[in-house]
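Let's take a walk through a protein model together. Keep the sequence and the 3D view side by side as you read.

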Amino acid sequence: MRPPEVAVVAVAALLLVAAAAAAESAAPLPAALRLERAVPHKGVALEELKRRDAARHRVSRRRLLGGVAGVVDFPVEGSANPYMVGLYFTRVKLGNPAKEFFVQIDTGSDILWVTCSPCTGCPTSSGLNIQLESFSPDSSSTSSRITCSDDRCTAALQTGEAVCQTSDSSSSPCGYTFTYGDGSGTSGYYVSDTMFFETVMGNEQTANSSASIVFGCSNSQSGDLTKADRAVDGIFGFGQHQLSVVSQLNSLGVSPKVFSHCLKGSDNGGGILVLGEIVEPGLVYTPLVPSQPHYNLNLESIAVNGQKLSIDSSLFTTSNTQGTIVDSGTTLAYLADGAYDPFVSAIAAAVSPSVRSLVSKGSQCFITSSSVDSSFPTVTLYFMGGVAMTVKPENYLLQQASDNNVLWCIGWQRNQGQEITILGDLVLKDKIFVYDLANMRMGWADYDCSMSVNVTTSSGKNQYVNTGQFDVNGSARRASYKSLIPAGVVTMLVHMLILGSGSRR
């Protein structure tokens, strides 16, 4: 069922604002509020964005070969703001001669795949103001197709990420088919080719490096993947399985088995993404739940303004149907169904007396003329070991409209009928996150992601490099955020991938 458009939701909220103003003459509000981000009549509905979030748990995985030991540094573009981009992406160079591809940064999946030529249903333009490319194995001098007899295909078959029919000969291409919950999907075959990347050494010098990697070559896309508004060239998975970039680079001695990111929360977005361990004061760590396909943490309780909520902790226990996942491919955050009402009620009860509450299209919203930090409570998530994650108001609220007064709505959504909590970009932004797979732990700290960071090198000699401010010199394909989104494009992605025959990873 398609819900009303965002523009309609915003207008309804503004009418409620105006009504509240008329009823309260002591502190009158304007008859209408000016939208901070214009959402024209073709805007995408908030409920539609939530549907996309719930339907798009992507799975991708890739591997690298060779290179110079050090920190692999990737540029970051995009932002968490759903009225600007709603996703973060990076650039990878593949093939000989090398071509550059924009790929979404996805910690909720494992495979790297890019659009290949020819391709059925693949978009040829993007509303993100980027030039889309396609990869042609026949045009690369170093490309080779992975066959069903290849050990790497055998490994992918075991995890459900490859398809080889029983009638296929050993020389048949190793294929894949990914189907998403919204009915969209992609299929193709695996290839091996050269990937070029930038390595930061212990002397803070950068080196151009390359490695042979296996990645997916998509020759068919369907459903929402065919739409141009949020199109990129593919997906770059940072999962922890055998074929992931982190695992493969580590096995080859190229980089440590750890990666880190710091995603800027400003409208201009960007940030830091490195294969290496960011080392900054204030980082705290909690164990990763072992033997899970995603990055699961042991969430134990939630507090609002220091008061722990009356939520049964068993709601957060990790199982096949429960748990807490950290996923950069999710724009919003989703709370376990049983935890949502206590969370929203606690926020509403703790806001400043000057804040006025209203409900717009089922969403809890607030009107205030004061700063968000002084008007709303701080939320704290407590994980195993008593480790706390501070969640500021900007990390659980979405700004809908502004003038002298500002309309804020709770951006965390109810995971309807499920006891799975997903911490997406809304929570992850403006924080360092370290995925330490060698020690099966995850760390974080609040941070200004426009600043550089110290990152350990893979030498193990306690050396540090200053990174996070590097760019690809002279790149003509860098996105321009001032004109990033065409009329009404609002992108929110969460992954809930259903693989192949429909079984969920």
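The paragraphs below go from confidence, through some backbone details, to an annotated pair of residues.

Since this is a predicted model, confidence is a good place to begin. The mean pLDDT of the chain is 78, and 74% of the residues reach at least 70. Two stretches call for care. Over residues 1-44 the pLDDT stays under 50, and the model gives this stretch 80 contacts beyond four places in sequence. Residues 55-68 also stay under 50, with 102 such contacts in the model.

Next, have a look at the backbone. Most peptide bonds are trans, and most residues other than glycine have a negative phi. With that background, four places are worth a visit. The bond between N96 and P97 is cis, with omega at about 0 degrees. P97 sits in the loop that links β3 (87-94) to β4 (99-106). A cis peptide bond also joins S117 to P118, again with omega at about 0 degrees. Here the proline belongs to a strand: P118 is part of β5, which covers residues 113-120.

The other two places concern phi. S291 is not a glycine, yet its phi is positive, near 60 degrees. You will find S291 in the loop between β14 (284-287) and β15 (296-297), and its relative accessible area of 77% makes S291 exposed. N305 likewise has a positive phi, near 55 degrees. This residue, N305, lies in the loop from β16 (299-304) to β17 (307-308), and with 48% relative accessibility N305 is partly exposed: the cut-off for exposed is over 50%.

Now for the annotated pair. Which residues does the UniProt annotation "active site" cover? According to that unreviewed entry, they are D106 and D327. The two span 222 residues in sequence, but their C-alpha atoms are no more than 6.9 Å apart, so they gather at one spot.

Are these two aspartates buried or exposed? D106, in strand β4, is buried, with a relative accessible area of 0%. D327 is placed in the loop between β18 (322-326) and β19 (333-336), and D327 is buried too, at 2%. Both values fall in the buried class because that class takes in anything under 20% relative accessible area.

One more detail belongs to this spot. A polar atom in the side chain of D327 lies 3.2 Å from the backbone nitrogen of G108. If you pick out D327 in your viewer, that pair of atoms is a good one to display.

Notes: Residues are numbered from 1 along each chain as its sequence is written. Side-chain values use heavy atoms; hydrogens and water are left out. pLDDT is the predictor's confidence in each residue, from 0 to 100. Contact means heavy atoms within 4.5 Å. Helices (H or I, at least four residues) and strands (E, at least two) are DSSP runs, numbered from the N terminus. Buried means under 20% relative accessible area, exposed over 50%, partly exposed in between (1.4 Å probe, protein chains only). UniProt positions are given in the numbering used here, feature names are shortened, and annotations may be inferred rather than shown by experiment. A polar contact is a pair of N or O atoms within 3.5 Å; within protein, one must be able to donate a hydrogen and the other to accept it, and residues adjacent in sequence count only if both atoms are side-chain atoms.
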